[in-house]
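Work through the exercises below on aromatic rings and their surroundings. Each task is followed by a solution in steps.

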Amino acid sequence: MSIELSSRYPRLLADIGGTNARFALETAPGQWEQVTTVSCRDFPSLELAIRAYYAKAGVAHVAYAAIGIANPVVGDWVQMTNHHWAFSIEATRLALGLERLIVINDFTALALALPHLPERELIKVGGAEPWVGSPLALLGPGTGLGMSGLVPTGNGNGNGYVPLSGEGGHASFAPFDEREMAIWRYACTKYSHVSTERLLSGPGLELIYEALQYQAGETGDSLSAADITDRGLSGDCPRCRETLDVFCAILGTAASNLALMLGARGGVYIGGGIVPRLGDYFAHSPFRTRFEDKGRFSGYLAGIPVYVITTAYPAMYGVSAALNVALS
């Protein structure tokens, strides 16, 4: 049964990553207040993080909530891959006194958000105009590597899409050249399975840097992903700059692979916490050249536009849309 519009608000929206949790109160359609970001490691559980948010925001009662989380959502039990939180969706709903709680993958939520993102908050990196009614591809490196997409429902007007719920970031990494082969070999000394996420993530930046140092016979202090990014962008560290170049090249391969698999002539969208911080460098990085380097299908990929998402809290659009459907 459809819920009366006026009785749906306020409602809780959340985007839970492996590092940070973002919360907001939606007080009216598309109107968010009390947007807050907290570190996941500061709370022993999701429920306690939500309760702390309620206390800070002065929330008395919320009946409906939607959460996007960086993890597969299969059934009632959720065990995060890149964080220690684990919970029952139904038990959490009951503990928080919610009438309805929906939990979906964070990149499924971000895929749902794509049609709603302001154009001014999308930075185009190459390609032609998108084909209306074609699939959209989405990926984004952060603490991990999320992948999803939107597939048209077939009405032909570009308005109807179905989001994908996948874990493409955990597919096996395939090196492109000898340098990436050497990086893969180094990664194999640390992990039994080298997924694409092992390299296209914050920890992946650190792993690429270590591998390049190892290949060059260099020794030195380990650097964090943030330090590698800062030194690479400033030009203070040639090895850090090389790390960014390799990272962007691998991302170009991953993005083009996803575009080909989905036939994403509607565009490829890049979210996550890393790429938006690369600024102008990204447009001139090896990303686009590698994206189009697909032999007989280079021309096909050359026409596909890529957009970097710079919206502050883009997944909130998606979890709100998912909750609208659940309450309709």
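**Exercise 1.** State whether Y53 and Y54 are buried or exposed.

Solution. Buried means under 20% relative accessible area, exposed over 50%, and partly exposed in between (1.4 Å probe, protein chains only). By this rule Y53 and Y54 are both buried. The model is predicted: local features need pLDDT of at least 70, side-chain atom pairs count only at pLDDT 80 or more, and totals for chains, interfaces and linings use all residues. Residues are numbered from 1 along each chain as its sequence is written, and side-chain values use heavy atoms, with hydrogens and water left out.

**Exercise 2.** Classify the ring pair F287 and F291, then place the two residues.

Solution. Rings of Phe, Tyr and Trp (its six-membered ring) pair if their centres lie within 6.5 Å; planes under 30 degrees apart count as stacked, over 60 as edge-to-face and the rest as tilted. The centres of F287 and F291 are 5.9 Å apart and the planes meet at 25°, so this pair is stacked. Both residues lie in helix α9 (residues 287–291), four residues apart, which separates them by about one helical turn. F287 is buried, with a relative accessible area of 0%; F291 is buried as well, at 0%.

**Exercise 3.** Which residues do ring pairs link into a cluster?

Solution. The cluster consists of F23, Y53 and Y54.

**Exercise 4.** How far from the ring centre of Y191 is the charged end of R198?

Solution. A charge sits over a ring if NZ of Lys or CZ of Arg is within 6 Å of the ring centre and within 35 degrees of the ring normal. The charged end of R198 sits over the Y191 ring, 3.8 Å from its centre.

How values were computed
Helices (H or I, at least four residues) and strands (E, at least two) are DSSP runs, numbered from the N terminus.
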